[in-house]
Amino acid sequence: MNVTRIIQKKRDGEALAAGEIFAVIEGYVSGAVPGYQVAALAMAIYFQGMDESETSALTRALMESGECLDWTGVEGLRVDKHSTGGQGDKVSLVLAPLAACCGLQVPMVAGRGLGPTGGTIDKLEAIPGFRTDLGAADIRRITDEVGCVIASQGDQFAPADGKLYALRDVTATVASVPLITASIMSKKLAEGLDALALDIKWGTGAFMKDVASARSLGAALASVGESMGVRTSCLVTDMNQPLGRAVGNANEVREALAALSGEGPADLMEVVYELGALMLTSAGQSEGKAAARATLEEELASGRPLEKFREMARAQGGNAETELELAPASEVRASRSGYVSAIDGEALGYALIALGGGRRSLEDTIDPAVGLEMNVRLGDKVEEGQSLLDLLSNGRGNDEALTLVEGAISITDELASMVPSLIEGGS
Ligand code: URA
(Lines give C-alpha, C1' and ligand atoms only; values in the text may rest on other atoms or scores of the structure.)
Protein backbone atom coordinates (compact mmCIF):
# COMPACT_ATOMS: atom_id res chain seq x y z
CA MET A 1 0.00 0.00 0.00
CA ASN A 2 1.29 3.45 -0.91
CA VAL A 3 -0.33 5.82 1.61
CA THR A 4 1.09 8.92 -0.09
CA ARG A 5 -0.70 7.88 -3.29
CA ILE A 6 -3.98 7.41 -1.34
CA ILE A 7 -3.65 10.89 0.22
CA GLN A 8 -2.87 12.32 -3.23
CA LYS A 9 -5.95 10.66 -4.75
CA LYS A 10 -8.24 12.17 -2.14
CA ARG A 11 -6.49 15.54 -2.29
CA ASP A 12 -7.24 15.62 -6.04
CA GLY A 13 -10.91 14.76 -5.52
CA GLU A 14 -10.89 11.08 -6.53
CA ALA A 15 -12.95 8.46 -4.71
CA LEU A 16 -11.03 5.92 -2.61
CA ALA A 17 -11.63 2.18 -2.90
CA ALA A 18 -12.90 0.35 0.20
CA GLY A 19 -9.64 -1.63 0.30
CA GLU A 20 -7.60 1.57 0.46
CA ILE A 21 -9.70 2.93 3.33
CA PHE A 22 -9.45 -0.34 5.29
CA ALA A 23 -5.69 -0.51 4.72
CA VAL A 24 -5.12 3.02 6.08
CA ILE A 25 -7.30 2.44 9.17
CA GLU A 26 -5.78 -0.97 9.93
CA GLY A 27 -2.30 0.47 9.45
CA TYR A 28 -3.10 3.41 11.71
CA VAL A 29 -4.29 1.11 14.50
CA SER A 30 -1.28 -1.22 14.16
CA GLY A 31 1.18 1.70 14.03
CA ALA A 32 2.30 0.96 10.45
CA VAL A 33 0.74 4.19 9.16
CA PRO A 34 1.93 7.30 11.06
CA GLY A 35 -0.50 9.88 12.47
CA TYR A 36 0.83 12.65 10.20
CA GLN A 37 -0.28 10.73 7.10
CA VAL A 38 -3.73 10.05 8.60
CA ALA A 39 -3.98 13.75 9.55
CA ALA A 40 -3.18 14.72 5.95
CA LEU A 41 -5.80 12.29 4.68
CA ALA A 42 -8.38 13.64 7.16
CA MET A 43 -7.71 17.16 5.88
CA ALA A 44 -8.08 15.99 2.27
CA ILE A 45 -11.42 14.36 3.23
CA TYR A 46 -12.43 17.57 5.02
CA PHE A 47 -12.02 19.54 1.78
CA GLN A 48 -12.99 16.94 -0.84
CA GLY A 49 -15.67 14.99 1.04
CA MET A 50 -16.51 11.33 0.50
CA ASP A 51 -19.29 9.66 -1.45
CA GLU A 52 -21.74 7.22 0.12
CA SER A 53 -19.74 4.10 -0.54
CA GLU A 54 -16.52 5.65 0.78
CA THR A 55 -18.35 6.82 3.93
CA SER A 56 -19.82 3.32 4.44
CA ALA A 57 -16.38 1.75 3.99
CA LEU A 58 -14.83 4.15 6.52
CA THR A 59 -17.66 3.40 8.97
CA ARG A 60 -17.09 -0.35 8.61
CA ALA A 61 -13.32 -0.02 8.92
CA LEU A 62 -13.71 1.95 12.19
CA MET A 63 -16.44 -0.37 13.53
CA GLU A 64 -14.53 -3.57 12.73
CA SER A 65 -11.45 -2.30 14.58
CA GLY A 66 -13.19 -3.39 17.80
CA GLU A 67 -15.94 -5.57 19.25
CA CYS A 68 -19.47 -5.74 17.87
CA LEU A 69 -22.29 -6.92 20.10
CA ASP A 70 -23.86 -10.14 18.89
CA TRP A 71 -27.48 -10.73 19.90
CA THR A 72 -27.94 -14.04 18.14
CA GLY A 73 -30.47 -16.10 20.06
CA VAL A 74 -31.54 -13.19 22.31
CA GLU A 75 -35.23 -12.24 22.17
CA GLY A 76 -36.37 -8.67 21.62
CA LEU A 77 -35.46 -5.66 19.50
CA ARG A 78 -32.38 -3.56 20.14
CA VAL A 79 -33.03 0.14 19.50
CA ASP A 80 -30.96 3.19 20.44
CA LYS A 81 -30.84 6.95 20.00
CA HIS A 82 -27.94 9.29 19.41
CA SER A 83 -27.57 13.05 19.57
CA THR A 84 -24.88 15.01 17.75
CA GLY A 85 -24.53 17.05 20.95
CA GLY A 86 -25.01 20.40 22.55
CA GLN A 87 -25.51 21.95 25.99
CA GLY A 88 -28.00 20.59 28.52
CA ASP A 89 -28.80 17.54 26.39
CA LYS A 90 -29.81 14.97 29.00
CA VAL A 91 -32.30 13.20 26.70
CA SER A 92 -30.48 9.82 26.89
CA LEU A 93 -30.85 9.72 30.68
CA VAL A 94 -34.63 10.02 30.35
CA LEU A 95 -35.22 8.13 27.13
CA ALA A 96 -33.15 4.98 27.74
CA PRO A 97 -35.25 3.87 30.76
CA LEU A 98 -38.48 5.19 29.22
CA ALA A 99 -37.94 3.21 25.99
CA ALA A 100 -37.00 0.13 28.04
CA CYS A 101 -40.31 0.43 29.92
CA CYS A 102 -42.06 0.51 26.53
CA GLY A 103 -40.61 -2.91 25.68
CA LEU A 104 -37.44 -2.01 23.77
CA GLN A 105 -33.92 -3.12 24.65
CA VAL A 106 -31.47 -0.20 24.72
CA PRO A 107 -27.76 -1.17 24.75
CA MET A 108 -26.40 2.38 24.57
CA VAL A 109 -22.74 3.19 23.95
CA ALA A 110 -22.37 6.89 24.75
CA GLY A 111 -19.62 9.49 24.68
CA ARG A 112 -17.88 11.92 27.00
CA GLY A 113 -18.02 15.69 26.54
CA LEU A 114 -16.49 16.84 23.27
CA GLY A 115 -15.22 20.42 23.14
CA PRO A 116 -18.11 22.67 24.24
CA THR A 117 -20.71 19.88 23.95
CA GLY A 118 -21.56 17.81 27.02
CA GLY A 119 -21.39 14.00 27.24
CA THR A 120 -23.82 11.46 28.68
CA ILE A 121 -21.00 9.42 30.27
CA ASP A 122 -19.66 12.43 32.22
CA LYS A 123 -23.16 13.18 33.48
CA LEU A 124 -23.79 9.61 34.65
CA GLU A 125 -20.42 9.50 36.41
CA ALA A 126 -21.75 12.26 38.69
CA ILE A 127 -23.78 9.48 40.34
CA PRO A 128 -21.75 7.86 43.15
CA GLY A 129 -20.39 4.47 42.09
CA PHE A 130 -21.88 4.54 38.57
CA ARG A 131 -19.59 2.50 36.27
CA THR A 132 -19.66 2.95 32.51
CA ASP A 133 -16.53 0.96 31.55
CA LEU A 134 -18.47 -2.23 30.93
CA GLY A 135 -17.38 -5.19 28.83
CA ALA A 136 -19.54 -6.71 26.11
CA ALA A 137 -20.73 -9.53 28.41
CA ASP A 138 -21.93 -7.05 31.06
CA ILE A 139 -23.67 -4.93 28.43
CA ARG A 140 -25.52 -7.97 27.13
CA ARG A 141 -26.44 -9.17 30.64
CA ILE A 142 -27.69 -5.78 31.88
CA THR A 143 -29.62 -5.14 28.66
CA ASP A 144 -31.26 -8.53 29.08
CA GLU A 145 -32.01 -8.16 32.81
CA VAL A 146 -32.89 -4.44 33.04
CA GLY A 147 -33.77 -3.47 29.45
CA CYS A 148 -31.26 -0.62 29.20
CA VAL A 149 -27.61 0.09 29.87
CA ILE A 150 -25.41 3.09 29.16
CA ALA A 151 -21.72 2.24 28.65
CA SER A 152 -18.68 4.14 27.42
CA GLN A 153 -16.87 3.43 24.14
CA GLY A 154 -13.60 2.57 25.91
CA ASP A 155 -11.00 0.64 23.94
CA GLN A 156 -13.41 -2.09 22.95
CA PHE A 157 -15.91 -0.38 20.63
CA ALA A 158 -14.48 1.18 17.44
CA PRO A 159 -11.03 1.89 18.99
CA ALA A 160 -9.83 3.22 15.62
CA ASP A 161 -12.49 5.94 15.93
CA GLY A 162 -11.18 6.90 19.39
CA LYS A 163 -7.67 7.29 17.95
CA LEU A 164 -8.83 9.08 14.80
CA TYR A 165 -11.14 11.38 16.77
CA ALA A 166 -8.27 12.52 19.03
CA LEU A 167 -6.22 13.28 15.90
CA ARG A 168 -9.10 15.18 14.24
CA ASP A 169 -9.60 17.17 17.42
CA VAL A 170 -6.09 18.66 17.18
CA THR A 171 -5.93 19.01 13.38
CA ALA A 172 -9.16 21.03 12.88
CA THR A 173 -10.85 18.21 10.97
CA VAL A 174 -13.83 17.49 13.23
CA ALA A 175 -16.55 19.37 11.32
CA SER A 176 -16.67 17.16 8.24
CA VAL A 177 -19.90 15.34 7.36
CA PRO A 178 -18.30 12.03 6.22
CA LEU A 179 -15.86 11.98 9.16
CA ILE A 180 -18.60 12.73 11.73
CA THR A 181 -20.89 10.19 10.07
CA ALA A 182 -18.32 7.38 10.14
CA SER A 183 -17.32 8.28 13.71
CA ILE A 184 -20.85 8.25 15.11
CA MET A 185 -22.14 5.29 13.11
CA SER A 186 -19.11 3.07 13.80
CA LYS A 187 -19.93 3.16 17.53
CA LYS A 188 -23.68 2.88 17.13
CA LEU A 189 -23.54 0.04 14.61
CA ALA A 190 -21.17 -1.88 16.90
CA GLU A 191 -24.16 -2.20 19.25
CA GLY A 192 -25.82 -4.65 16.84
CA LEU A 193 -29.02 -2.58 16.59
CA ASP A 194 -32.29 -3.23 14.80
CA ALA A 195 -33.18 0.49 14.69
CA LEU A 196 -31.59 3.83 15.53
CA ALA A 197 -33.17 7.28 16.06
CA LEU A 198 -30.87 10.25 15.55
CA ASP A 199 -31.19 13.75 16.97
CA ILE A 200 -29.26 16.12 14.72
CA LYS A 201 -28.69 19.40 16.50
CA TRP A 202 -28.18 22.68 14.74
CA GLY A 203 -27.47 26.15 16.12
CA THR A 204 -25.03 28.16 18.20
CA GLY A 205 -24.28 25.28 20.57
CA ALA A 206 -24.05 22.49 17.97
CA PHE A 207 -21.35 21.29 15.56
CA MET A 208 -23.72 22.10 12.69
CA LYS A 209 -24.44 25.83 12.76
CA ASP A 210 -27.31 25.89 10.24
CA VAL A 211 -30.28 23.73 9.36
CA ALA A 212 -28.99 22.87 5.88
CA SER A 213 -25.74 21.34 7.28
CA ALA A 214 -27.74 19.47 9.93
CA ARG A 215 -29.98 18.06 7.22
CA SER A 216 -27.05 16.86 5.14
CA LEU A 217 -25.44 15.24 8.19
CA GLY A 218 -28.80 13.55 8.95
CA ALA A 219 -29.08 12.26 5.40
CA ALA A 220 -25.51 10.88 5.48
CA LEU A 221 -26.05 9.17 8.85
CA ALA A 222 -29.37 7.66 7.75
CA SER A 223 -27.92 6.41 4.49
CA VAL A 224 -25.00 4.63 6.20
CA GLY A 225 -27.33 3.12 8.83
CA GLU A 226 -29.80 1.85 6.22
CA SER A 227 -27.01 0.49 4.00
CA MET A 228 -25.87 -1.58 6.98
CA GLY A 229 -29.32 -2.99 7.67
CA VAL A 230 -30.35 -0.72 10.58
CA ARG A 231 -33.64 1.19 10.29
CA THR A 232 -32.35 4.73 10.82
CA SER A 233 -34.53 7.81 11.23
CA CYS A 234 -33.67 11.31 12.31
CA LEU A 235 -34.96 14.55 13.75
CA VAL A 236 -33.39 17.95 13.26
CA THR A 237 -33.71 19.89 16.53
CA ASP A 238 -32.80 23.29 17.86
CA MET A 239 -29.59 23.91 19.82
CA ASN A 240 -29.65 27.72 19.81
CA GLN A 241 -30.09 27.59 23.58
CA PRO A 242 -29.51 24.87 26.17
CA LEU A 243 -32.07 22.09 26.42
CA GLY A 244 -33.86 22.50 29.75
CA ARG A 245 -32.37 24.71 32.47
CA ALA A 246 -29.38 22.70 33.65
CA VAL A 247 -26.00 22.63 31.89
CA GLY A 248 -23.38 20.58 33.71
CA ASN A 249 -23.22 17.09 35.15
CA ALA A 250 -24.80 16.56 38.61
CA ASN A 251 -27.37 19.29 37.92
CA GLU A 252 -28.28 17.64 34.60
CA VAL A 253 -28.78 14.29 36.35
CA ARG A 254 -31.07 16.08 38.81
CA GLU A 255 -33.05 17.62 35.96
CA ALA A 256 -33.27 14.24 34.20
CA LEU A 257 -34.59 12.62 37.40
CA ALA A 258 -37.14 15.43 37.72
CA ALA A 259 -38.17 14.73 34.11
CA LEU A 260 -38.58 11.03 34.95
CA SER A 261 -40.78 12.14 37.87
CA GLY A 262 -43.07 14.04 35.46
CA GLU A 263 -41.53 17.46 36.10
CA GLY A 264 -39.37 17.88 33.02
CA PRO A 265 -39.08 21.22 31.20
CA ALA A 266 -41.28 21.42 28.09
CA ASP A 267 -38.45 21.69 25.53
CA LEU A 268 -36.65 18.65 26.96
CA MET A 269 -39.83 16.57 27.06
CA GLU A 270 -40.66 17.49 23.47
CA VAL A 271 -37.36 16.03 22.26
CA VAL A 272 -37.75 12.98 24.54
CA TYR A 273 -41.23 12.22 23.18
CA GLU A 274 -40.45 12.93 19.51
CA LEU A 275 -37.29 10.85 19.54
CA GLY A 276 -38.94 8.14 21.63
CA ALA A 277 -41.79 8.02 19.09
CA LEU A 278 -39.24 7.44 16.31
CA MET A 279 -37.68 4.60 18.34
CA LEU A 280 -41.05 2.93 18.94
CA THR A 281 -42.36 3.31 15.39
CA SER A 282 -39.14 2.27 13.67
CA ALA A 283 -39.04 -0.84 15.85
CA GLY A 284 -42.66 -1.56 14.86
CA GLN A 285 -43.66 -1.32 18.53
CA SER A 286 -46.28 1.42 17.89
CA GLU A 287 -48.57 2.14 14.94
CA GLY A 288 -47.74 5.73 14.06
CA LYS A 289 -46.39 8.73 15.91
CA ALA A 290 -49.55 9.67 17.82
CA ALA A 291 -49.93 6.20 19.32
CA ALA A 292 -46.22 6.10 20.18
CA ARG A 293 -46.37 9.47 21.95
CA ALA A 294 -49.44 8.37 23.91
CA THR A 295 -47.62 5.20 25.04
CA LEU A 296 -44.54 7.20 26.09
CA GLU A 297 -46.56 9.80 28.00
CA GLU A 298 -48.63 7.15 29.78
CA GLU A 299 -45.55 5.16 30.69
CA LEU A 300 -43.74 8.22 32.06
CA ALA A 301 -46.78 9.11 34.19
CA SER A 302 -46.76 5.60 35.71
CA GLY A 303 -43.45 6.30 37.50
CA ARG A 304 -41.93 3.05 36.18
CA PRO A 305 -39.21 4.78 34.06
CA LEU A 306 -37.85 6.52 37.17
CA GLU A 307 -37.62 3.16 38.92
CA LYS A 308 -36.04 1.70 35.74
CA PHE A 309 -33.33 4.41 35.81
CA ARG A 310 -32.55 3.52 39.45
CA GLU A 311 -32.45 -0.17 38.55
CA MET A 312 -30.03 0.56 35.66
CA ALA A 313 -27.87 2.65 38.02
CA ARG A 314 -27.78 -0.21 40.57
CA ALA A 315 -26.85 -2.72 37.84
CA GLN A 316 -23.95 -0.40 36.91
CA GLY A 317 -22.81 -0.02 40.53
CA GLY A 318 -24.39 3.39 41.14
CA ASN A 319 -26.80 4.79 43.69
CA ALA A 320 -29.33 7.15 42.12
CA GLU A 321 -31.47 7.40 45.26
CA THR A 322 -29.56 10.18 46.99
CA GLU A 323 -29.75 13.79 45.88
CA LEU A 324 -26.53 14.90 44.19
CA GLU A 325 -24.69 17.86 45.70
CA LEU A 326 -24.28 21.04 43.68
CA ALA A 327 -21.62 23.76 43.98
CA PRO A 328 -22.65 27.12 45.53
CA ALA A 329 -24.72 29.29 43.17
CA SER A 330 -24.24 32.95 42.27
CA GLU A 331 -26.53 34.91 39.97
CA VAL A 332 -25.44 36.55 36.72
CA ARG A 333 -27.68 39.56 36.11
CA ALA A 334 -28.77 41.48 33.04
CA SER A 335 -26.70 44.63 32.45
CA ARG A 336 -29.65 46.28 30.64
CA SER A 337 -33.35 45.86 29.91
CA GLY A 338 -34.59 44.37 26.63
CA TYR A 339 -35.20 41.03 24.99
CA VAL A 340 -33.01 37.93 25.09
CA SER A 341 -32.34 37.74 21.36
CA ALA A 342 -29.43 35.30 21.08
CA ILE A 343 -27.64 32.75 23.26
CA ASP A 344 -24.19 31.53 22.26
CA GLY A 345 -24.33 27.89 23.30
CA GLU A 346 -20.69 27.27 22.47
CA ALA A 347 -19.62 30.04 24.86
CA LEU A 348 -21.80 28.49 27.60
CA GLY A 349 -20.11 25.15 26.91
CA TYR A 350 -16.68 26.76 27.29
CA ALA A 351 -17.86 28.47 30.50
CA LEU A 352 -18.72 25.03 31.89
CA ILE A 353 -15.24 23.80 30.93
CA ALA A 354 -13.68 26.84 32.67
CA LEU A 355 -15.57 25.96 35.87
CA GLY A 356 -14.16 22.41 35.70
CA GLY A 357 -17.35 20.73 34.43
CA GLY A 358 -15.73 19.69 31.13
CA ARG A 359 -12.24 18.92 29.80
CA ARG A 360 -9.59 20.92 27.98
CA SER A 361 -7.45 17.81 27.58
CA LEU A 362 -8.21 14.11 27.93
CA GLU A 363 -6.42 13.88 31.29
CA ASP A 364 -8.55 16.59 32.99
CA THR A 365 -10.81 15.42 35.78
CA ILE A 366 -14.35 16.74 36.00
CA ASP A 367 -15.96 18.46 38.97
CA PRO A 368 -19.51 17.09 38.69
CA ALA A 369 -21.00 19.66 41.07
CA VAL A 370 -20.38 22.76 38.92
CA GLY A 371 -22.57 24.03 36.12
CA LEU A 372 -25.00 26.62 34.84
CA GLU A 373 -28.73 26.97 35.52
CA MET A 374 -30.53 29.08 32.93
CA ASN A 375 -33.14 31.52 34.27
CA VAL A 376 -34.12 32.95 30.85
CA ARG A 377 -34.94 31.61 27.42
CA LEU A 378 -34.74 33.12 23.95
CA GLY A 379 -37.41 35.78 23.44
CA ASP A 380 -37.84 36.57 27.16
CA LYS A 381 -38.26 40.23 28.12
CA VAL A 382 -35.85 41.10 30.93
CA GLU A 383 -35.29 44.11 33.18
CA GLU A 384 -31.86 45.45 34.09
CA GLY A 385 -30.59 43.54 37.14
CA GLN A 386 -32.80 40.51 36.53
CA SER A 387 -31.14 37.13 36.96
CA LEU A 388 -30.12 35.55 33.62
CA LEU A 389 -28.56 32.41 35.03
CA ASP A 390 -26.97 30.87 38.12
CA LEU A 391 -23.31 29.95 38.03
CA LEU A 392 -22.63 26.85 40.16
CA SER A 393 -18.97 27.23 41.03
CA ASN A 394 -16.39 25.83 43.41
CA GLY A 395 -14.09 28.77 42.67
CA ARG A 396 -12.09 27.33 39.77
CA GLY A 397 -12.21 29.43 36.56
CA ASN A 398 -14.88 31.72 37.95
CA ASP A 399 -13.73 34.93 36.22
CA GLU A 400 -13.27 33.26 32.85
CA ALA A 401 -16.68 31.60 33.11
CA LEU A 402 -18.31 34.88 34.10
CA THR A 403 -16.81 36.71 31.10
CA LEU A 404 -17.97 33.92 28.80
CA VAL A 405 -21.56 33.79 30.07
CA GLU A 406 -21.91 37.57 30.10
CA GLY A 407 -20.85 37.65 26.45
CA ALA A 408 -23.04 34.66 25.58
CA ILE A 409 -26.44 36.24 26.21
CA SER A 410 -27.42 39.10 23.87
CA ILE A 411 -30.07 41.54 25.05
CA THR A 412 -31.51 43.92 22.44
CA ASP A 413 -34.26 46.56 22.32
CA GLU A 414 -36.23 44.74 19.67
CA LEU A 415 -37.18 41.12 19.64
CA ALA A 416 -35.31 39.63 16.68
CA SER A 417 -37.37 37.22 14.60
CA MET A 418 -37.31 34.04 16.63
CA VAL A 419 -36.08 30.79 15.22
CA PRO A 420 -38.77 28.23 15.92
CA SER A 421 -37.63 25.60 18.37
CA LEU A 422 -37.88 23.40 15.37
CA ILE A 423 -38.40 19.72 15.51
CA GLU A 424 -38.30 18.33 12.04
CA GLY A 425 -38.72 14.69 11.19
CA GLY A 426 -36.06 13.52 8.77
CA SER A 427 -35.74 10.42 6.66
N1 URA B 1 -19.58 12.78 17.79
C2 URA B 1 -18.78 11.74 17.46
O3 URA B 1 -18.84 10.68 18.04
N4 URA B 1 -17.89 11.91 16.46
C5 URA B 1 -17.76 13.06 15.77
O6 URA B 1 -16.96 13.12 14.87
C7 URA B 1 -18.59 14.14 16.13
C8 URA B 1 -19.50 13.97 17.15
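This briefing describes two sheets, the helices packed on them and the surroundings of a ligand. The structure is a predicted model, in which local features need pLDDT of at least 70 and side-chain atom pairs count only at pLDDT 80 or more, while totals for chains, interfaces and linings use all residues. Residues are numbered from 1 along each chain as its sequence is written, and side-chain values use heavy atoms, with hydrogens and water left out. Helices (H or I, at least four residues) and strands (E, at least two) are DSSP runs, numbered from the N terminus.

**Ligand surroundings**

- The residues around the ligand are Leu114, Tyr165, Arg168, Ile180, Ser183, Ile184, Lys187 and Phe207; a residue is counted if one of its heavy atoms lies within 4 Å of the molecule.
- Helix 8 (159-169) and helix 9 (177-189) each provide at least two residues of this shell, and helix 9 gives the largest share, with 4 residues.
- By class, the shell holds 5 nonpolar, 1 polar and 2 charged residues. Here Ala, Val, Leu, Ile, Met, Phe, Trp, Tyr, Cys and Pro count as nonpolar, Asp, Glu, Lys and Arg as charged, and the others, Gly among them, as polar.
- The side chain of Arg168 places an N or O atom 3.0 Å from an oxygen atom of the ligand.
- For Lys187, the distance from a side-chain N or O atom to an oxygen atom of the ligand is 2.4 Å.
- A polar side-chain atom of Ser183 lies 2.6 Å from a nitrogen atom of the ligand.
- The protein buries 92% of the 240 Å² that the ligand exposes when taken alone; accessible areas come from the Shrake-Rupley method with a 1.4 Å probe.

**Four-stranded sheet**

- An open sheet of 4 strands follows the order 6-9-11-7 with antiparallel pairing; two strands pair if DSSP finds at least two bridges between them.
- Strand 6 (246-248) and strand 7 (329-333) are the edge strands, each pairing on one side only.
- On average, neighbouring strands of this sheet are turned by 20 degrees against each other, direction ignored. Axes are lines fitted to C-alpha atoms, for helices over the stretch in contact, and angles run from 0 to 180 degrees between N-to-C directions.
- Strand 6 is joined to strand 9 (residues 371-374) by 3 bridges in the antiparallel sense, and Ala246 stands opposite Glu373 in strand 9.
- Helix 15 (residues 345-355) packs on this sheet and touches strand 6, strand 9 and strand 11 (387-392), its direction making about 140 degrees with that of strand 9; contact means heavy atoms within 4.5 Å.
- Helix 16 (residues 398-408) lies across strand 7, strand 9 and strand 11, at about 155 degrees to strand 11.

**Three-stranded sheet**

- A further open sheet has 3 strands in the order 10-8-12, paired antiparallel.
- Strand 10 (381-382) and strand 12 (409-412) each have a single partner strand, so one side of each is left without a neighbour in the sheet.
- Strand 8 (residues 338-343) pairs antiparallel with strand 10 over 2 bridges: Gly338 has Val382 as its bridge partner, and Tyr339 stands opposite Lys381.
- Strand 8 and strand 12 run antiparallel and are joined by 4 bridges; Ile343 stands opposite Ile409 in strand 12.
- Helix 16 packs on this sheet as well, touching strand 8 and strand 12, with its direction at about 40 degrees to that of strand 12.

Notes. Polar contact = N/O pair within 3.5 Å; in protein donor to acceptor, adjacent residues only side chain to side chain.
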